[in-house]
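Student: I like to see a label traced back to its cut-off. Could we go through this model and ask what earns each name?

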Amino acid sequence: MAPKKKEEPKPAAAPAAPKPPEPEIPKTPEFDPTTVTLEFTPEQIEDFRDSFQLFDTTPASEMKIAYAQCGDLIRALGQNPTNTEIMHVLGKPKAEEMQTKMLDFDQFLPMHQHICKSKDCGTYEDFVEGLRVFDKEGNGTVMGAELRHVLATLGEKMKEDEVDQLMQNQEDANGCINYEAFVKYIMAS
Amino acid sequence: MGCGVSKSNQFKNSGKAIKSAVLIQRWYRQFVARKEMRRRYTWHIFQSIEYSGEQAQIKLYNFLGYLMDNFTPTSNERNLISHIFRENEVCRDAEWERYFCYKNIEVPDIYSGPHLTFPLTVEQAVGLVEAFRNKKQLHSRYILQLLLETWKQLRLLPNINRISTCHSKEITICGDLHGQLEDLLLIFYKNDMPSLEKPYLFNGDFVDRGKDSIEILIILFSFLLVYPSEVYLNRGNHEDHIVNLRYGFTKEVLSKYRMHGKRILKLLQKIFSWLPLASVIDQKVLVLHGGISNTTDLSVLARVDRHNYVSALRPPKKRHQSVAGLSMDSDMDEDAGSTNKVFQRRPSLTFPKALAKDCFQNRSLQDFSDRLRVNTVEEVESHQKNRGLLGSENETSQSCESINSEDEWKQILDLLWSDPMTQDGCVPNEVRGGGCYWGPDVTEDFLNRHNLQLIIRSHECKQEGYEFCHNRKVLTLFSASNYYDVGSNRGAYVKLGPDLVPYLVQYQASSMIRELSVRQSVGRSERSAIKVLREQLFAHKSDLICAFKKLDSENKGRVSLSDWATAVESVLRLGLPWRIMRSQLVTGRSADGSIDYYEWFNELAIKGANADHIDQSLLETLYRHRSTLETIFRIVDTDNSGFITMEDFRQTWKLLSVYLKMEITEDAISDLAVTIDSNQDGSIDIEEFMEAFRLTDKKSRLERGRSMFMGTATDLTKLEGDPNI
C-alpha cells in the first residue's frame with residue numbers, strides 16, 4: 001500500500017488552501033494595515049459599526065472587541081475566511097493574547113477590508129464539488145460518519161461538538177446526507 | 001480509503017479532500033458566527049426591555065418617595081400611596097403572631113388540596129410537591145401557618161449561612177427560579193428532593209415573572225422546616241415587595257388568594273427580610289445572589305440587622321428605644337402628633353440611567369433624585385440633633401449607627417443587584433439602577449481579603465444556564481430555563497463536593513424543546529423578541545413620527561436608513577443595533593434605501609384597543625407605561641380587591657400625569673373609564689382595564705428567515721425560514 005503522502009507540501013492544492021502543518025515559508029508578507037485602502041461605502045461602515053457594537057462587551061461601550069472575536073465578527077458580516085487568514089490579519093497573535101488583546105473599530109476596518117478583497121469565497125458549486133469527493137457511489141449522498149471524520153481530522157479541524165451541531169438532523173435513517181440539500185442548509189443561515 | 005487507487009489519484013483526492021473540508025469548515029464557522037450575531041441581539045432585546053423595566057420600577061419608586069416628602073400631609077395623592085411606605089404596622093412580635101392568626105380560618109369540606117399538620121414531616125413536604133405537580137392549590141390557612149413557622153425558623157439563622165460539605169457528599173446549588181415550577185420539578189426529578197443526604201442551597205429570585213411563585217416558596221419553605229440543616233436559602237433582589245408589585249408576584253398571590261392574599265403578602269414581606277443574605281461553603285466558596293463591589297465586606301454583612309431591610313430599595317427602618325425600653329420599629333409615616341419621629345426618609349442610593357433632556361418618556365425622575373441627594377448632608381445633621389430627644393445613653397453608638405447604616409445599606413444593595421463585567425474596576429450599575437458592575441481585579445482582591453476561592457452568584461440569565469468569568473473565579477448560575485421565551489436558554493444547577501470543584505448539570509423544561517435544533521430555537525426566540533420590539537415601536541408612534549419629522553427637512557415623508565436608526569434609538573433608548581435588525585422591522589424600502597415612515601406604521605400592523613373615542617396620545621401613554629400603570633393601580637387598591645373606585649381611578653391618572661409631566665384632561669379620563677366600566681357601578685376592574693388596552697400583534701407581512709446581511713454578503717440561496725412548531 002502506498003504510504004500516505006499528506007506530509008509533503010501540496011503544490012496540487014489551490015493557493016487558498018490552508019498552509020501545511022509544519023512551520024511555513026511565509027508566502028505572504030506580514031499584514032500591514034496601512035497599505036489597505038478602504039473601499040466601503042459610508043452606509044456599509046455604519047452597518048459594520050452596529051455589528052461591532054454588538055460584539056463589544058465592555059460595559060462602558062468603549063467600542064472595543066477582543067482579538068478572539070474578530071473572526072466571528074468578520075464572519076457574521078458575511079465573509080468566510082479560514083482561521084489562518086484571520087490570524088494573518090490579526091498579525092499572528094499568541095494564543096493567550098486572543099482573549100486579552102483588544103482592537104477598536106478603526107483597527108478592525110482594514111482587517112475586514114483585506115478579507116473582503118480575498119477572491120476565494122467559495123460558491124455553491126465549489127462547495128458541492130468539494131463534497132462530491134466523498135460521494136463514493138456517485139448518488140448525491142455522502143456517509144455522515146465519513147464526513148464527520150473528515151471535518152474533525154482534516155484542514156482546520158472542527159471539534160466533535162461543533163461537528164454534531166453542524167450535522168444535527170441532517171443524516172437520514174441510513175446515516176447518509178444528501179449534500180446538495182446540506183449545502184443549501186449551510187449557506188442559508 | 002484508497003484501495004486500488006493509483007498513487008497520483010490518491011494524492012489528488014486527498015488534496016481535494018482537504019480543500020473541500022476547509023471549505024465546509026469555513027462555511028460552518030460563518031454559519032455559527034451569524035447565528036451568534038442573531039442570538040446576541042435577540043438576547044439584547046429581551047434583556048434591555050427587562051432591565052429598563054427594572055429601572056422604571058426604581059424610578060417609579062423614587063418618584064413616589066418624592067411625593068411623600070414633598071406633598072402636604074392632607075394631599076390626596078399622598079394618602080393614596082403612603083401605605084406603601086408604611087412599615088409593618090404592628091410593633092412587637094407577639095402582636096405579629098396574633099395579627100396573622102390562622103386559627104380562625106376555616107378549611108371547607110370541598111377543599112381537595114393538601115392538608116398540613118405541624119410540625120411538618122417529610123411525607124408532607126413531598127406530598128406538597130406532588131400536589132403542585134397535579135395543579136392543586138394549598139389553602140390559605142395552611143400557607144399562613146407554614147409562613148409563621150418559616151418565619152420563626154429564619155429568625156434563628158445568621159446573615160451568612162456557614163455550610164460544610166464534610167457530613168454529606170455534595171451540596172446542590174440552584175440559581176434563579178422565578179416562579180417556574182416546571183424547572184424546580186425537573187431539578188428534583190434529575191437530582192432527587194432535599195434530604196439528609198442531599199443538601200440544597202437556593203440562591204434567591206424564587207418569585208416573579210413565572211406563574212407559580214407561591215408554590216415554589218411553599219415547597220422551599222417546607223423543606224427548610226423539615227431539613228433545617230440541609231436546606232439553605234439566600235435572598236435575591238426579587239424577594240422584595242416593591243419589586244413584586246411590578247413583576248407579577250403580588251398579582252399572582254392576590255388572584256390565587258382573594259380572601260387572604262393581602263395577609264399572605266404582608267407576612268412574606270417580613271419573611272423576605274429575614275432570609276439570609278449569603279452563604280459560605282467550607283469557608284472557601286461564597287454564594288450570593290447578585291455580586292460584590294469594591295467595598296463589600298463580609299464582616300460588616302455578618303453584623304447588620306438584616307430584617308431592617310424589608311426592601312433593598314429603601315433606606316432601613318430605624319430601631320430606637322422607646323420610653324419603656326422596648327425596641328420598636330419606627331413608622332415612616334407621620335402619625336398624628338408623633339414627636340418620636342426621628343427618622344427622615346433618606347434619598348435613594350439607586351441611580352436610574354442619566355437620560356436625555358428632551359426624551360419624552362424620561363422627563364420624570366432624574367431631577368427628583370438629584371434634588372433629594374442634595375439634602376443628605378442636612379438630613380444627617382438634623383438626624384443627629386434629633387437624637388438628643390431620645391435617651392442619651394446610647395448616643396455615640398447610635399450616631400455611629402446612622403452614618404454606618406448608609407454603608408450597610410449599600411453593602412446589601414450591592415450584594416443583591418450587582419453584575420460582573422470584563423473590565424477592571426467598579427462602576428455603578430446604571431442599567432439596572434442599583435448595585436454596581438465589578439471587574440476581575442475586584443474579584444481577585446475580595447477573594448484574597450476573605451481567603452476564598454470562588455464566588456457563585458445568579459441574577460443574570462445565561463444561555464447555557466451558567467457562565468464562568470473572571471478567570472473562572474466567578475460562576476453565574478441560572479435555573480429558570482426558557483426564561484425569555486420557549487427555547488431561549490437552558491437552566492443549570494451545580495453540585496459541589498468536598499473538593500469544591502463545581503460540577504454543572506444543564507436541563508431545559510418541556511419536551512418540545514429537545515426536538516428543536518439549535519438553529520430553530522434561535523429562530524423562535526428571535527421572532528418573539530422582534531414581536532415585542534414591534535409593539536414597543538407602535539406604542540411610541542407619536543414620538544417616533546415627531547423624531548422622523550425633525551430629520552425629514554423637506555417633509556417628504558421619508559428618511560434615510562441612518563436617520564431612521566438614529567431616530568428610533570433616540571426615542572426608545574434601548575441601545576439596540578437597529579440597522580442590523582432593519583430587515584426584520586421594515587419591509588418597504590425604496591430604491592435609494594430610504595424609508596417611508598407613515599407607511600411603516602401601517603406595516604407594523606399592531607392592533608390596539610377599539611378605542612377611537614380616546615385621545616391618541618393618551619392611548620399611547622397607556623401602551624407604553626402599561627406596567628407602571630398597573631403597578632400604581634395595585635398600590636392604590638389598598639384592600640387588594642382588584643377593584644378601584646372611579647375617584648381613585650381619577651387620582652391615579654392625576655398621579656401619572658405628574659409623573660410623566662403630561663396634561664391629561666378630566667374628559668379624557670372619563671372617556672377611559674367609560675370604556676371598561678361595563679357594569680356602570682362606578683368601580684373599575686383592574687384586570688379588565690389592563691386587558692382592554694393590551695396590544696396584539698396581527699399576522700405581519702414581514703418575511704421571516706430572510707438573510708439580514710446585505711451589502712457584502714454574496715448572493716445566497718434563500719431558503720425557507722425556520723419551520724413553525
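Tutor: Gladly, starting with burial: buried means under 20% relative accessible area, exposed over 50%, and partly exposed in between (1.4 Å probe, protein chains only). Helices (H or I, at least four residues) and strands (E, at least two) are DSSP runs, numbered from the N terminus. The model is predicted, so local features need pLDDT of at least 70 and side-chain atom pairs count only at pLDDT 80 or more, while totals for chains, interfaces and linings use all residues. Residues are numbered from 1 along each chain as its sequence is written, chains are lettered from A and ligands numbered from 1 in the order in which they are written, and side-chain values use heavy atoms, leaving out hydrogens and water.

Student: Which residues of helix H8 in chain A are buried, and which are exposed on the face turned away from them?

Tutor: In H8(A), residues 160-167, the buried ones are Glu162(A), Val163(A), Leu166(A) and Met167(A). The face turned away from this buried side carries the exposed Glu160(A) and Asp161(A).

Student: How do you know on which side of H8(A) the buried residues sit?

Tutor: Take the arc of the directions from the helix axis to the C-beta atoms. For the buried residues it is only 125 degrees, which puts them on the same side of H8(A). The general background is that an α-helix has 3.6 residues a turn, so residues three or four places apart point the same way. Just after H8(A), Asn169(A) takes a positive phi of about 65 degrees.

Student: What makes the contact of Asp164(A) with Arg148(A) a salt bridge?

Tutor: The term asks for a side-chain nitrogen of Lys or Arg within 4 Å of a carboxyl oxygen of Asp or Glu. The closest N and O atoms of Asp164(A) and Arg148(A) are 2.6 Å apart, so the pair meets the definition. Asp164(A) lies in helix H8 and Arg148(A) in helix H7 (residues 144-153) of chain A, so the pair ties together parts that are 16 residues apart in sequence. Asp164(A) has a relative accessible area of 36%, hence partly exposed; Arg148(A), at 25%, is partly exposed too.

Student: Why does the pair Lys117(A) and Glu39(A) get that name, and which parts does it tie together?

Tutor: The N to O distance is 3.5 Å, set against the limit, so this is a salt bridge. Lys117(A) lies in helix H5 (residues 105-117) of chain A and Glu39(A) in the segment before helix H1 (42-55), so the link spans parts 78 residues apart in sequence. Their burial labels read as follows: Lys117(A), at 34% relative accessibility, counts as partly exposed, whereas Glu39(A), at 55%, counts as exposed.

Student: How far apart are Asp445(B) and Arg449(B) along helix H15?

Tutor: They are 4 residues apart in H15 (residues 440-450) of chain B, about one helical turn. Their closest N and O atoms are 3.3 Å apart, giving a salt bridge. Asp445(B), at 40% relative accessibility, is partly exposed, as is Arg449(B) at 44%. Elsewhere, salt bridges that share partners join Lys211(B), Asp212(B), Glu215(B), Glu252(B) and Lys256(B) into one network. A search of the whole structure finds 29 salt bridges over all chains.

Student: What makes strands S5 and S6 of chain B a pair?

Tutor: Pairing requires that DSSP finds at least two bridges between the strands. S5(B) (residues 278-281) and S6(B) (residues 285-288) have 4 bridges in the antiparallel sense, so they qualify. S5(B) also pairs with strand S1 (residues 160-163) of chain B, in the parallel sense over 4 bridges. Ser279(B) stands opposite Val287(B) in S6(B), and Asn161(B) stands opposite Ser279(B) in S5(B). The hairpin of S5(B) and S6(B) has 3 residues between the strands, and there Asp282(B) takes a positive phi near 50 degrees.

Student: Which way do the residues of S5(B) point?

Tutor: Ala278(B) and Val280(B) point one way, Ser279(B) and Ile281(B) the other way, and all are buried. In general, side chains in a regular strand alternate between the two faces of the sheet.

Student: What is the order of the open sheet with S9, S10 and S11 in chain B, and what makes a strand an edge there?

Tutor: The order is S9-S11-S10, with mixed pairing. S9 (419-420) and S10 (426-428) each pair on one side only, and these are the edge strands. S10(B) joins S11 (residues 436-438) through 3 antiparallel bridges, with Tyr437(B) as the bridge partner of Val427(B).
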